[in-house]
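Trainee: I have just opened this one and don't know my way around yet. Could you walk me through it, chain by chain?

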Amino acid sequence: MSEQATTAASGPKVKKFMFVNRKAPYGTIYALESLEVVLITATFDQDVSLVFMDDGVYQLVKGQQTKGIGIKNFSPSYRALEGYDIEKLYVDRASLDQRGLSEADLLVPVEVLDDQQMGELMAQQDVVLSF
Amino acid sequence: MLHIINKSPFDTNALDSCLRMAQPGQAVLLIEDAVYAATQGSALTERMRQAAAKVSLFVLQPDLDARGMGTKVQDGITPVDYAGFVDLVEKYPTSQSWL
């Protein structure tokens with residue numbers, strides 16, 4: 001833990017990466033691909049933030065059961081992100097509201113932000129990748 | 001930040017979400033099917049007019065031309081060619097390509 005903190009503080013190459021997830025989980029491959037890239041980025045000790053907005057909020061919904069469609073349920077992986085020191089998960093409030101969802105429906109702790117807060121956060125990033 | 005949109009606003013909500021998050025002084029470039037958002041007299045016209053007050057709006061001329069929309073750009077949106085596209089990428093420190 002302290003070693004990682006030292007790396008982050010002293011290494012000039014740490015960049016702020018934001019992954020913006022806007023697609024539902026199983027209809028397309030975007031959500032899974034995003035998760036893969038997020039884990040790779042974390043391996044390089046970068047400052048990683050994940051954003052879930054629009055249909056991307058469906059990625060975090062509890063209780064996904066994919067046996068019937070023959071696709072691996074990758075939603076438990078979001079719970080594992082903490083183990084990779086990825087703890088900055090942000091969700092767009094309007095997207096939740098529109099879909100009748102609340103924080104209680106999500107499988108990981110997140111920070112719910114309004115448009116302005118999310119916009120400011122995006123503006124602070126070095127790299128923004130959309131999925 | 002330069003936001004790049006490539007989908008029709010009548011097909012996806014990428015532009016809408018982008019405009020919600022865009023901060024004053026940032027830029028939005030419409031390319032490919034997103035150029036329809038720049039045309040006069042559409043359902044998007046008022047939304048784009050409001051957006052133009054906050055962010056700089058650009059549209060890629062070759063994509064307008066390809067779609068027969070080359071002369072139908074509404075006021076407040078600046079057409080650019082490919083070199084202009086490159087200039088925008090250079091001018092803003094980060095780009096975000098919305099999917």
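Trainee: What pattern does chain A follow, read along the sequence?

Mentor: Read along the sequence, chain A follows the pattern α-β-α-β-α-β-α-β-α-β, with five helices and five strands; helices (H or I, at least four residues) and strands (E, at least two) are DSSP runs, numbered from the N terminus. Keep in mind that this is a predicted model, in which local features need pLDDT of at least 70 and side-chain atom pairs count only at pLDDT 80 or more, while totals for chains, interfaces and linings use all residues. Residues are numbered from 1 along each chain as its sequence is written, and chains are lettered from A and ligands numbered from 1 in the order in which they are written.

Trainee: Why is chain A called as compact as a globular protein of that length?

Mentor: The radius of gyration of chain A is 15 Å, close to the 14 Å from the globule rule for 131 residues, so chain A is as compact as a globular protein of that length. The radius is taken over C-alpha atoms, and the rule is 2.2 Å times the number of residues to the power 0.38. Along the principal axes, the C-alpha atoms of chain A fill a box of roughly 45 × 35 × 25 Å.

Trainee: And how are the strands of chain A ordered in the sheet?

Mentor: Five strands of chain A form an open sheet in the order 4-3-2-1-5, with parallel pairing, where two strands pair if DSSP finds at least two bridges between them. The edge strands are strand 4 (111-113) and strand 5 (127-130) of chain A, each of which pairs on one side only. Strand 3 (residues 88-92) and strand 4 of chain A pair in the parallel sense over three bridges, and in strand 4 of chain A the bridge partner of D92(A) is L113(A).

Trainee: Which helix packs on that sheet?

Mentor: Helix 2 (residues 30-43) of chain A does, touching strand 1 (16-21) and strand 2 (47-52) of chain A, and its direction makes about 170° with that of strand 1 of chain A. For such angles, axes are lines fitted to C-alpha atoms, for helices over the stretch in contact, and angles run from 0 to 180 degrees between N-to-C directions.

Trainee: Switching to chain B, what does its secondary structure come to?

Mentor: Chain B has four helices and five strands, and along the sequence they follow the pattern β-α-β-α-β-α-β-α-β. The five strands form an open sheet in the order 4-3-2-1-5, and the pairing is parallel. Strand 4 (77-80) and strand 5 of chain B stand at the edges with a single partner strand each, so one side of each is left without a neighbour in the sheet.

Trainee: How much of chain B counts as buried?

Mentor: Of the 99 residues of chain B, 34% count as buried. A residue is buried if 20 or more other C-beta atoms lie within 10 Å of its own, exposed if 12 or fewer, and partly exposed in between, with C-beta atoms placed from the backbone.

Trainee: Why is helix 1 of chain B described as largely enclosed?

Mentor: Six of the eight residues of helix 1 (residues 14-21) of chain B are buried, so this helix is largely enclosed by the rest of the structure. The buried ones are A14(B), L15(B), S17(B), C18(B), L19(B) and M21(B). They pack against helix 5 (115-123) of chain A, together with strand 1 (2-5), strand 2 and helix 2 of chain B.

Trainee: How many residues does the contact take from each chain?

Mentor: Twelve residues come from chain B and 15 residues from chain A, where two residues are in contact if their C-beta atoms, placed from the backbone, lie within 7 Å. On the side of chain B that touches chain A, helix 1 of chain B gives the most, with three residues.

Trainee: One last spot: is Q40(B) buried or partly exposed?

Mentor: Q40(B) counts as partly exposed because 13 C-beta neighbours lie inside 10 Å. Q40(B) lies in the loop between strand 2 (27-30) and helix 2 (45-52) of chain B, and, leaving aside neighbours within four places in sequence, Q40(B) is in contact with T45(B), K72(B) and Q74(B).
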